[in-house]
Amino acid sequence: MGAHDRPEQPDAASEGIGRRRFLGYVVAASTLTVAAPLGETLLAPTEADAAVPSVPGPAEIYDLNDMLTHAALPTANLITIRLDTDGTASFALPRAEVGQGITTSSAMLIAEELDLPLEKIRVTLADARPELLFNQITGGSNTTISTYTPIRVAAAVARGRLLRAAALELGEVLDTLTAKAGTITSTVTGKSLTYGELAEKAASVATGQVSVTLKERADFKVIGTARRRIDALEAVTGRKKFAMDVAVPGALPTMVCRPPTINGTVRSVGNLDEVRAMPGITDVVRISTGVAVRGRTFGQCIDAVRALEVTWAPGTAQDASDDTVRAALRKAELPLPGLDLLTKAVDARFTFHFASNSALETNCAVADVREDSAEIWASLKSPITAQEEIALELGLPVTAVKVHVTEGGGSFGRKLFHDAAAEAAEISRAMGKPVRLMWHRTDDFRQGRTHPMSTSRVRATHALGQVLTYDQRHTSVATDFGHGVGEIITAEAARLPVGDLTFSETIFALTQQTPYNFGVVTQLLSETDKRFNTGSMRNIYSPNVRCAQELVVDELARRMGKDPYRFRRAFLKDERARAVLDKVAEVGEWGRGMPAGTAQGIAIHPEYHAYVAVLAEIDCRPETTGRKIPDAYTGPRVTKVVCAVDVGLAVNPRGLEAQMMGGIMDGIAITLSSGLHLADGHFLEGSWDNYFYTRQWNTPPELRIVVMPPTTDTPGGAGELAVAGAMAAVACAYGRATGTMPTTFPLNHGEPLGFEPLPTTPPIPASPTDGLSRAF
């Protein structure tokens, strides 16, 4: 039996808590219930030597992920694992599963330390729990990092308690017992007991603290092995439950007629009575965001929304367009340092247009609001904030509002906000009935949250073969961080006139870093224009900032007569970054001969204690770019992508590969084709027909993900990592293929549109068939 099998009483005075030694809890309960309060300390990365070394930026010393991890630690002991008499372990994960696979990776952590088969672990999503404070927000690629040690400690405590209970029950010495696959067996007598048989005997009548030593990496049998998702069968057979699948008696389909311009408001409704009399319609009410209709079917709701005759007041972005926003951003740019006459410089400005989070599941929520209580079901990445703010709006105590977190069909940052849940609560209160609210796809594009438009001005100076300075001034339409870091205090602080910029500046500083030794480096953020509904999109600022930086790196290499790959390699600070760069160059055959009009691009991206390198090949030949592909898209095609990823320790390499693939698709989309056109105060895109996200026809025929061997004993962030690397690599490939550095993204943004915009009044496709096929 290994040391990890034996729980020991803590002796802080004599031993303290070693690197693998942690304090956990047994909790008073009828069956074995355990918890853990402590996590591991994250160390800042070291830097490599260079001719002109750069001082580490804030994100290299302490990043957003560190902040979220440390904020979660004080309440980790409130998260418990329960062992039931049927031999299964149950764990309510205080994070949101939106397709990233965290229920599977969490189950793997439990399976590892508890020596229980994966199929005997039940992971559900926890309801909003205000007592968790900052420990119930899903974002910043933080879930696995922040829960890695607490979950393992709790499972190890459970295993130790089961062994002790078995020793008493069998009359054996602890050292003669082994635990495997949910059964404890004596090596002397061969007698055995299942975990289920011991669940009650191992339970505690009082809560107390115990010490455990976790397994070493060499002993892992589950962590680090490729596993299929525990919810895969339910997903592919249609049995997986999302918000719209929740069975709430009396909760009928509900939709909202929304304004033609961003944040417009209702002035009057000319035919309320006629619409209320339409087939299947039960209720029609005015709300803060438009006019809500409730009916027997969503089809009837769509008909009612189309029939409403609403006079609208102007919105917050009346008459705004891409051109006016771009002009405002240019005016708000912070100045760059003056040029030194003794140095040469690369000076460039990039524009990144508004973009949609593009989750397949549109905004939706179920709400049942009564006089003295409320119950909400929705996919929420910040459920505590949702619970507290909805309670405030309804005038109810927080304890009277229950918020249930359902699984979500994608998020990419969108579900950090609880817009649909708050709107459903408002409608349910106004109607006095439970509602099943779903946004139309057009609602999502035109009134939903977007990734803000931004510009990035970059200047890099060089002399004698060295880069001496790198300065970047990123200017963005304000990003709304009104979800805070998981609860109402920081959420409200983020909305203050000064607090919002302070919040944004903090997030920017804690996420942006330069992986190269480029001498004196500065990266600053400026924000303007708060009239839009914005939010974080996968990687927050990183894809745009990194894309601009890597394009400038390519230009520096060109002007200095260097190969782009070898130039990057020479200036990289970290050996882990160098290793992933070398791997994609090797696997992707960097430098191979290619026809004119095609090219390779290569890029590196470090974030959240992880590194990714991406090599992309693109075809920009006229016969490719001029060919009309489905959905009216014409333009260059990415033909090959190789990605090498180092997240330290990959809990589930198969899940990590899937994360990288999804991130690469996002990166291709926002580089080539996925952007929103703003005109006259509204976005022109209104369906998947004209928002050209990467689809099967533009997925690289050759796609390879290389998961690097473990480089640390703990996992790094992965959920957002590949987006910035892929965007930058594709942009660099395009620049090399065309001979011109691209400066506006997505590349297809501009005239002609390539699609016929849907009408703004009503903002739903006119054909019932089109409405259903395009929107849902």
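**A three-stranded sheet, a buried helix and aromatic pairs**

Strand β7 shows two contrasting faces: I184 and S186 make up the covered one, while T183 and T185 make up the uncovered one. The model examined here is a predicted one, and β7 is a convenient place to start, as it belongs to an open sheet of 3 strands in the order β6-β7-β8, paired in antiparallel fashion. The edges of this sheet are formed by β6 (177-180) and β8 (192-194), each of which pairs on one side only. On average, neighbouring strands in the sheet are turned by 20 degrees against each other, direction ignored. Helix α4 (residues 143-170) packs on the sheet and touches β6, β7 and β8. The direction of α4 makes about 130 degrees with that of β6.

The pairing within the sheet can be followed residue by residue. Between β6 and β7 (residues 183-186), which run antiparallel, there are 4 bridges. Among the bridge partners, T178 is matched with T185 of β7, and K180 with T183 of β7. These two strands form a hairpin with 2 residues between them, and A181 in the turn has a positive phi of about 55 degrees. On the other side, β7 is joined to β8 by 3 bridges, again with the strands running antiparallel. Here T183 finds its bridge partner in T194 of β8. T183 thus appears in both pairings, with K180 and with T194. The hairpin of β7 and β8 has 5 residues between the strands, and G190 in this hairpin takes a positive phi near 80 degrees.

Another threonine, T88, offers a view of a loop, the one between β3 (80-83) and β4 (89-93). Is T88 buried or exposed? With a relative accessible area of 7%, T88 is buried, since the cut-off for that class is under 20%. The side chain of T88 is joined to that of D86 by a polar contact of 2.6 Å. Once residues up to four places away in sequence are set aside, T88 touches R82, L83, K120 and R122.

Strand β17 (residues 364-369) contains V366, a buried residue whose relative accessible area is 0%. Which residues surround V366? Leaving aside neighbours within four places in sequence, the contacts of V366 are A243, M244, V248, A251, E375, I376, W377, V435 and R436. V366 can also be related to A425: the two are 59 residues apart in sequence, yet their C-alpha atoms are 8.2 Å apart in space.

Burial is also a feature of helix α20 (residues 721-738), which has 18 residues. From its first C-alpha to its last, α20 reaches 27 Å, close to the 26 Å expected at 1.5 Å a residue. Of its 18 residues, 15 are buried, so α20 is largely enclosed by the rest of the structure. The residue that follows α20 is G739, which has a positive phi near 80 degrees.

Finally, the aromatic side chains deserve a look. The count comes to 14 aromatic pairs. One of these, F354 with F532, is tilted, with 5.1 Å centre to centre and 45 degrees between the planes. What does this pair tie together? F354 lies in the loop between β15 (344-352) and β16 (355-356), and F532 in the loop between β24 (520-528) and α15 (542-559), so the pair ties together parts that are 178 residues apart in sequence. Both F354 and F532 are buried.

A further pair, F692 with F755, is edge-to-face, at 6.4 Å centre to centre and with 75 degrees between the planes. This pair, too, links distant parts of the chain, 63 residues apart. F692 sits in the loop between β29 (682-683) and β30 (702-707), and F755 in the loop between β31 (744-745) and α21 (768-775). F692 counts as buried at 3% relative accessibility, and F755 counts as buried at 14%. Ring pairs also build a cluster, linking Y470, Y516, F518, F567 and F571.

Technical notes:
Residues numbered from 1 in each chain as written. Predicted model: local features only at pLDDT ≥ 70, side-chain atom pairs only at ≥ 80, totals over all residues. Heavy atoms only, no water. Pairing = 2+ DSSP bridges. Axes fitted to C-alpha atoms, helices over the stretch in contact; angles between N-to-C directions. Contact = heavy atoms within 4.5 Å. Buried < 20%, exposed > 50% of the residue type's maximum accessible area, 1.4 Å probe, protein only. Polar contact = N/O pair within 3.5 Å; in protein donor to acceptor, adjacent residues only side chain to side chain. Expected span 1.5 Å × (residues − 1). Phe/Tyr/Trp six-rings, centres within 6.5 Å; stacked < 30°, edge-to-face > 60°.
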